[in-house]
Amino acid sequence: MKGSLLIRGGRVIDPASRLDAKADLYIKDGRIEAVQQGGGLAVPEGTASFDASGLVVSPGFVDLHAHLREPGQEHKETIATGTRAAAKGGFTTVCAMPNTVPAQDSRSTIEFVQSRAADTGAVRVLVVSAVSKGRAGKELVEMAELAKLGVVGYSDDGSPVGDAQMMRHALAFSRMLGLPIMDHCEDTALCHGGVMNEGRVATRLGLRGMPVAGEETMVARNLILSKLTGGHVHICHLSAAGSVEQVRRAKAQGIRVTAEATPHHLTLTDELVTAGAMYDTNTKVNPPLRTAADVEAVLQGLREGVIEAIATDHAPHAAEDKLCEYDQAAFGISGFETAMGSLLSLVHTGKLTFPVLIERLTLGPARIIAREKDGIGALRPGAPGDVAVTDPDLSWTVDAKAFLSKGKNSPLNGKTLKGKVVATVYGGALIYQEQRQATTRGR
């Protein structure tokens with residue numbers, strides 16, 4: 001029976017239906033057919049079964065912010081390798097950012113990505129269009145035409161929308177189209193030449209810093225323009241305490257703003273740049289890893305719902321992009337395959353509850369791109385049969401060489417994490433299952 005599967009005996013956490021209980025989950029013909037608390041769900045004879053005893057069963061994760069590199073940089077990643085890595089991390093929906101070569105800024109490039117995703121993707125790929133043609137910040141893309149193709153938002157990510165007038169027009173159009181402008185908030189003049197967070201650590205290391213003001217000033221501009229136009233601005237990879245406070249106040253004023261945070265900005269600080277004897281170029285990311293105070297502020301924003309989504313900002317690079325001096329290294333972390341393992345450290349230390357973590361990985365991001373109405377990020381009957389199964393107590397050591405992503409650039413390489421996605425179901429099909437013999441389980 002194609003797409004039919006019983007997942008039995010797990011702790012099912014589905015924020016969309018406010019369910020957190022031991023339950024059986026039955027998927028039929030690729031969609032959720034039934035969820036029964038307490039177990040004992042009767043299914044047709046011969047149905048495939050997955051024993052989830054001791055595991056957490058949740059909707060497949062939704063990533064608003066991933067770089068799949070195709071077209072143009074297939075030596076770093078392809079849609080095929082990127083989506084396989086996403087599946088390994090529990091993600092069943094990924095939003096492909098537009099800084100490809102050429103940029104995703106036209107009917108032809110967007111249809112190309114959609115076609116490649118249909119042919120080679122392991123999970124659902126939704127496309128984010130560029131805001132400006134060529135991401136050059138000079139001329140808006142044909143926003144209405146691209147909306148008809150099914151793009152889920154607009155972003156010049158990798159770069160901000162630097163021109164305030166262009167941002168104003170983009171937000172005004174986005175309001176009519178019902179799609180967010182997803183901005184990389186960086187004042188490039190303030191951050192010019194910076195390679196890590198500006199502060200005590202950068203001074204000690206002799207590296208040029210990127211001040212938090214570089215993010216905060218652009219967040220402030222975007223909030224003002226959102227208020228002016230009524231357009232939905234989505235703040236990408238928010239990293240600074242001051243930015244969190246601005247978004248908090250803007251929401252209180254009714255400004256239409258949402259925000260995401262990355263696993264690395266929730267768990268790592270700038271101290272990691274030289275955690276070993278040498279600078280680790282895998283810690284170089286934009287926005288940069290911040291201070292412990294910033295991390296705590298971002299985490300508080302996540303707990304409160306000021307930040308509605310966790311997004312990986314998965315940014316794979318070739319080895320040569322990182323095997324160089326820190327100043328010369330590319331920005332970015334390969335994040336799909338370590339996201340859940342690193343985030344679970346917040347649950348194990350009592351800083352975040354499991355249900356809130358799952359909500360920020362599923363329903364929260366689905367709402368931002370208005371796909372919750374399709375059942376994405378939920379386990380209710382009729383929703384897509386997309387499921388992540390997590391062992392929260394599985395201890396494992398990150399081996400970047402074993403990543404399914406072409407990008408091996410992870411600052412967590414060699415680190416031991418507790419908790420891992422052990423199975424992923426997409427459209428009712430088991431597309432990833434952990435090889436358990438290589439890991440150990442314990443509390």
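In this predicted model, His234 is found in strand 12, which spans residues 233-235. Its surroundings make a good starting point. The relative accessible area of His234 is 0%, and because the threshold for burial is under 20%, this residue counts as buried. The side chain of His234 is joined to that of Glu260 by a polar contact of 2.9 Å. Once neighbours within four places in sequence are set aside, the residues in contact with His234 include the run Pro180, Ile181, Met182 and Asp183. Thr258, Ala259 and Glu260 also touch His234, as do Leu64 and Ile368. Glu260 thus appears both in this list of contacts and as the polar partner of the His234 side chain.

Attention now turns to a sheet elsewhere in the numbering. Strands of a sheet pair through backbone hydrogen bonds, in either a parallel or an antiparallel manner. Here, three strands make up an open sheet with the order 6-7-8, and their pairing is parallel. Strand 6 (61-66) and strand 8 (124-127) are the edge strands, each pairing on one side only. From one strand to the next, the twist averages 20 degrees.

Within this sheet, strand 7 (residues 91-96) and strand 8 run parallel and are joined by four bridges. For a concrete handle on the register, Thr93 has Arg124 of strand 8 as its bridge partner. Helix 1, covering residues 79-88, packs on the sheet and touches both strand 7 and strand 8. The direction of helix 1 makes about 135 degrees with that of strand 7.

How values were computed. Residues are numbered from 1 along each chain as its sequence is written. This is a predicted model: local features need pLDDT of at least 70, side-chain atom pairs count only at pLDDT 80 or more; totals for chains, interfaces and linings use all residues. Side-chain values use heavy atoms; hydrogens and water are left out. Two strands pair if DSSP finds at least two bridges between them. Helices (H or I, at least four residues) and strands (E, at least two) are DSSP runs, numbered from the N terminus. Axes are lines fitted to C-alpha atoms, for helices over the stretch in contact, and angles run from 0 to 180 degrees between N-to-C directions. Contact means heavy atoms within 4.5 Å. Buried means under 20% relative accessible area, exposed over 50%, partly exposed in between (1.4 Å probe, protein chains only). A polar contact is a pair of N or O atoms within 3.5 Å; within protein, one must be able to donate a hydrogen and the other to accept it, and residues adjacent in sequence count only if both atoms are side-chain atoms.
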